[in-house]
Amino acid sequence: MNATGVSPLAAAGPRRRWGDRIFSNLVLTAAIAILALLAGVAFFLLIESLPAVGASPAELPEGKSLVDYIAPLAFGTVLAATIAVVIAVPLAIAVALFISHLAPRRIVLALGFLVDLLAAIPSIIYGLWGIFVLGPAAVPVMQWLEENLGFIPFFEGPASATGRTMLVAGLVLTVMILPIVSAVAREVFSQTPRKLQEGALALGATRWEMIRMTVLPFGRSSIISGAMLGLGRALGETMAVTIILSVSGIVTFNLISQANPSTIAANIALDFPESSGLAVNTLIASGLVLFAITLVTNLAARSIVARQNIQ
Amino acid sequence: MQASAETQSLLATPVGGRLWRRKAINRVMTVLIVAAFVIALIPLFSLLYQVVKRGLPGLSWEFFTTSPRGVIGGGGAAHAIVGTIVITAVTAAISVPIGILAAIYLTEYDGGRLRRALTFFVDVMTGIPSIVAGLFAFALFAIFFGPGIRLGLMGAVALSVLMIPIVIRSSEEVLKIVPNQLREASYALGTPKWRTIVKVVLPTAFAGLVTGVMIAIARIVGETAPLLVTTGVVDSINSNPFEGRMQNLAVYAYSEYRTPGVMKQASYDRAWAAALTLIAIVMILNLAARFVYRRYRTEIR
């Protein structure tokens, strides 16, 4: 990476070596502090969730066992995040393609800035927008879905009159992860080897055929890893879901009704301020489960990227 | 290189049909891509428009200068603005030195296994959900001070877990592009390594480092979830991170929405005003970061 292998110290006197030793110990301490911090995150969460693991169901909130308490929340978490990823990935690919291959060169920078801005907006604002703007706007759409596509379990209804549904929460998560997924895809799309693209065009391919034959295959694994990163973000997203979803603790695939499963993160944000004793330990245990789920998702994303790099 | 695999996929993809058909497909796909792009931008414009429209009525001199303490159903967000500044400053004071020093370790020192471990775990850290970072800070302080504890400092610790990996990533990026010739020229003059880093490498990368820190601050300044579980909700001005509850603008917006009180619309107006203030802060930080980078970066030829 750089000239670190060469030791400039060899000729230096002992006085100078002193400064070097202090400085290298300083940066080493910072590096180790970060590893200790991460170990601390896992350690302290574990310590504080242990009381809930050992407790009997009667002592825990809602009188359920820990697994029965967390399972519906984990289901809601995965459901909301899945909706977001399923809708966001095709859109993100299109956005990335537009910026990397279709947009006039002059406006590409501005477009990139717009998409980055979308990623920088605090989640509380997405939550307010979801409950006050998108939710009410989605009510007629959800009624239409119930009337015309009600035979599909997702749209069984009865349609919510307030818009506080899983579908709306999923849509807001879609908007939130779109910039992340499209940033990853855009990065790789614009690195597609020129010779392949020009070769395809020279053979008479149309622009879409060129994209389909060179850009998309080249970026395939980055699309997958971008989708996984977006999934990780959607799984852990708290405030938007907390504000939008009206929860009832049930397990259902019905996306448009008033009764929805909560998510782990939203449940913590809702219940934590009013909890005490074992209820707090239970919430921390659910947080540990969330940590584990996002960890696995992110590691999977990284390993896909790493495999691509080895090729 | 990917060339051989890609050439295979090129050959494997059947392309055929009449020219007019292929051109039609090309046109349809182009339209679809542009349409998808426009659809993706609608939420952004709707969000910005709504935040400005609904936020403006709540903005007033009172909003920025008073706290809700002792005022029934009224007051401003002064306590939340103070809270935002204090919490963000403490977070930056923890994260920036650790983050930049760790980035120096990653780029300037030959760490071997520790370095690979650090790179890997920084990746892991970027994926930690914000609420989990909040729970960590709570668990850490609860063990020593009991479960009722709520402090500005706890919030800063939680936010540091989120900010440190962002600072490391961006600092690493800019330190990497400092040319080796500069380091070698400095060594050739007999300068020790630490002085080379402090006097040559860091000044060269300075604008990039500042830009990275500003973008990292923009990411954490509007965090809500980790602060809900660590700094709590409060309605009086508190500028001491080591004592008592504290609130930032995002938590303020949330609590105004969640517990609106008697005058509902006034509360919602304040929530939107806080949202507008937050968006303005985030945008200014992002634009300023870009400006600093363009204006002050060292030209590397």
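## Core and contact between chains A and B

Visitor: Which residues does A:L128 touch, leaving out those up to four places away in sequence?
Guide: This is a predicted model. In it, A:L128 touches A:I243, B:A253, B:Y257, B:A271, B:W272 and B:A275, not counting residues up to four places away in sequence.

Visitor: And the largest nonpolar core, how many residues is that?
Guide: It has 191 residues. A:L128, A:V172, B:A102, B:F136, B:A253 and B:A275 touch the most other members.

Visitor: Which helix gives the largest share of this core?
Guide: Helix α2 (residues 66-102) of chain A, with 19 residues.

Visitor: Switching to the contact between the chains. How many residues does it take from each?
Guide: 83 residues from chain B and 83 residues from chain A.

Visitor: What gives the most on the chain B side?
Guide: Helix α2 (residues 19-55) of chain B, with 18 residues.

Visitor: How does that side of chain B divide by class?
Guide: The side of chain B that touches chain A has 58 nonpolar, 14 polar and 11 charged residues.

Visitor: Now helix α4 of chain A and α2(B). At what angle do the axes cross?
Guide: Roughly 85°. Helix α4 covers residues 123-149 of chain A, and its axis comes within 10 Å of that of α2(B). The crossing angle makes α4(A) roughly perpendicular to α2(B).

Visitor: Which residues make the contact there?
Guide: From α4(A), A:I125, A:W129 and A:V133. From α2(B), B:S46, B:L47, B:Q50 and B:V51.

Visitor: How many of those are nonpolar, polar or charged?
Guide: Five are nonpolar and two polar, with no charged residues in the contact of α4(A) with α2(B).

Technical notes:
Residues numbered from 1 in each chain as written. Chains lettered and ligands numbered in written order. Predicted model: local features only at pLDDT ≥ 70, side-chain atom pairs only at ≥ 80, totals over all residues. Contact = placed C-beta atoms within 7 Å. Helix = DSSP H or I, 4+ residues; strand = E, 2+ residues; numbered from the N terminus. Nonpolar A, V, L, I, M, F, W, Y, C, P; charged D, E, K, R; others polar. Axes fitted to C-alpha atoms, helices over the stretch in contact; angles between N-to-C directions. Parallel < 35°, antiparallel > 145°, perpendicular 65-115°, else oblique. Core = buried A, V, L, I, M, F, W, Y, C linked by C-beta atoms within 7 Å. Buried ≥ 20, exposed ≤ 12 C-beta atoms within 10 Å, placed from the backbone.
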